[in-house]
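Colleague: I am new to this structure and should be grateful for guidance on how to read its features one at a time.

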Amino acid sequence: MSGEATDGGRAAVFLVGGGWDESVAGVVHGPFLRAAAARSAGGAGAVPRILCVLVDEGDGTGQFDRYDVALRRAGACTPVPLLLPVGKRFDGGALAEDLADVDGVIVCGGLTPAYQEAFAAGAGEALAARGLPYAGFSAGAVVAAQDAVVGGWLVDGVPVCPPDAAEDLEEVEVRPGLGLVPFGVDVHAAQWGTSGRLAAVVAGGRLAHGVAVDEDTLVEVADGRARVAGLGRAHSLRPAPGGGVVVRSYGHGESFAVTL
C-alpha cells in the first residue's frame, strides 16, 4: 500500500500500539511520513509538516519532545505541537484551522478517556474532510475507531484484563470514536494484556471486529486491507459461531481484510 489517499479520497490510517524501540522507528512511523510527504503541496520527497496532538496532563512539552525525536528518526519531517489541556474539547471548526497548513496528523498517547473526550465534538468529521494521513499512537490509535474501547478492566464485575491497564475506569467502556477505521482497537496488547478486554467486548456483541496491537507494531489501513509491520503482532478478533471469539494473529509483512 502506498499510504496515499485511497477509496475515493479516503486517506490511509496508521495505528501504532505504543512502544519506543529506536530500532524500528522507521518501520512504524516511516509509512505515515511518506504518505504525508506525498500529500504535501511539495509532492513526493517534500518535508512534511506533522501536527502532533497531545492531551497535556502537565508534561506536554516533554512528551512532545519524545514524538519529535521519534518522528525525525523515522524520516525528514517538521513536527508541530498542539497541546490541549485536560478537559478541553476540540470543536470541528477549531481543529479544521489547525489542520489547514499541515500534511499529516499524529494523535499521541496518554490517558485514553481524556483523548476521547477531547475529540467528542465533530473532530472526526473535520479530519475526514481534510483527507490527511492520520497516525494514532497508543491512545490515538484507540480513538481512531468508530467505537472506541477507552478503558476499564471489569465486565459486569469480572476481571478481563490487568487493572493497571484500566485507564482510571472500572467497568469497560465503549465510547464514540473518530470513525476512521471500522474496527475497535486496543493497544499494548502483549505488554499490558489488553487482548482479553477486547475479546470480552467482541464476545459480548458490543463490537463486530476488534484489533489488538502490540507495542512497536504498526497496522496500516487502506484499500480494505490492514497491513502489519514491526516487532510485534496485530490480533484480529471476531465473533465465533455459537459464541466466543475467533482470534487470528498477524506479524510483520502479513495483512488481513477489513470492511471500510
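Modeller: Let us begin with burial. D186 has a relative accessibility of 2% and therefore counts as buried; the term buried means under 20% relative accessible area, exposed means over 50%, and partly exposed lies in between, with a 1.4 Å probe and protein chains only. This is a predicted model, in which local features need pLDDT of at least 70 and side-chain atom pairs count only at pLDDT 80 or more, while totals for chains, interfaces and linings use all residues. Residues are numbered from 1 along each chain as its sequence is written, and side-chain values use heavy atoms, with hydrogens and water left out.

Colleague: In which strand is D186 placed, and which residues does D186 touch?

Modeller: Helices (H or I, at least four residues) and strands (E, at least two) are DSSP runs, numbered from the N terminus. D186 belongs to strand β10, residues 184–187. Contact means heavy atoms within 4.5 Å. Leaving aside residues up to four places away in sequence, D186 touches V142, V149, T194, R197, L198, V211, A212 and V213.

Colleague: Which side chain forms a polar contact with that of D186?

Modeller: A polar contact is a pair of N or O atoms within 3.5 Å; within protein, one must be able to donate a hydrogen and the other to accept it, and residues adjacent in sequence count only if both atoms are side-chain atoms. Here the partner is R197, whose side chain is joined to that of D186 by a polar contact of 2.8 Å.

Colleague: What is the strand order of the open sheet that contains β10?

Modeller: Two strands pair if DSSP finds at least two bridges between them. On that basis, four strands form an open sheet in the order β10-β11-β14-β15, and the pairing is mixed. The edges are β10 and β15 (245–250); each has a single partner strand, so one side of each is left without a neighbour in the sheet. Strand β11 (residues 210–213) pairs with β10 in the parallel sense over four bridges, and V211 in β11 is the bridge partner of V185.

Colleague: How should I read the angle between helix α8 and β14?

Modeller: Axes are lines fitted to C-alpha atoms, for helices over the stretch in contact, and angles run from 0 to 180 degrees between N-to-C directions. Helix α8 (residues 195–203) lies across β10, β11, β14 (234–239) and β15, and runs at about 20° to β14.

Colleague: What is the order of the eight strands in the other open sheet?

Modeller: The order is β3-β2-β4-β5-β1-β12-β13-β16, again with mixed pairing. Its edge strands are β3 and β16 (255–257), each of which pairs on one side only. From one strand to the next, the twist averages 20°. Helix α2 packs on this sheet, touching β2, β3, β4 and β5, and its direction makes about 155° with that of β3. At the other edge, three bridges join β16 to strand β13 (residues 225–230), and the two run antiparallel; R225 has A257 in β16 as its bridge partner.

Colleague: How does the length of helix α2 compare with the expected span?

Modeller: The expected span of a helix is 1.5 Å times one less than its number of residues. Helix α2 (residues 60–74) has 15 residues and should therefore span 21 Å; its end C-alpha atoms are 21 Å apart, which agrees. An α-helix has 3.6 residues a turn, so residues three or four places apart point the same way. In α2 the buried residues are G60, F64, Y67, D68, A70, L71 and A74. They pack against α1 (25–39), β2 (49–56), β3 (78–85), β4 (104–107) and β5 (134–137).

Colleague: Which residues of β4 are buried on each of its faces?

Modeller: G104 and I106 are buried on one side, and V105 and V107 on the other, so that both faces are covered. Strand β4 pairs in the parallel sense with β2 over four bridges and with β5 over three. C52 stands opposite I106, while V105 stands opposite Y134 in β5.

Colleague: Which residues have the most contacts inside the largest nonpolar core?

Modeller: A nonpolar core is a set of buried Ala, Val, Leu, Ile, Met, Phe, Trp, Tyr and Cys residues joined through side-chain atoms within 4.5 Å. The largest has 70 residues, and those with the most contacts inside it are L15, I50, I106, Y115, F119, Y134 and V181. Strand β2 gives the most to this core, with six residues.
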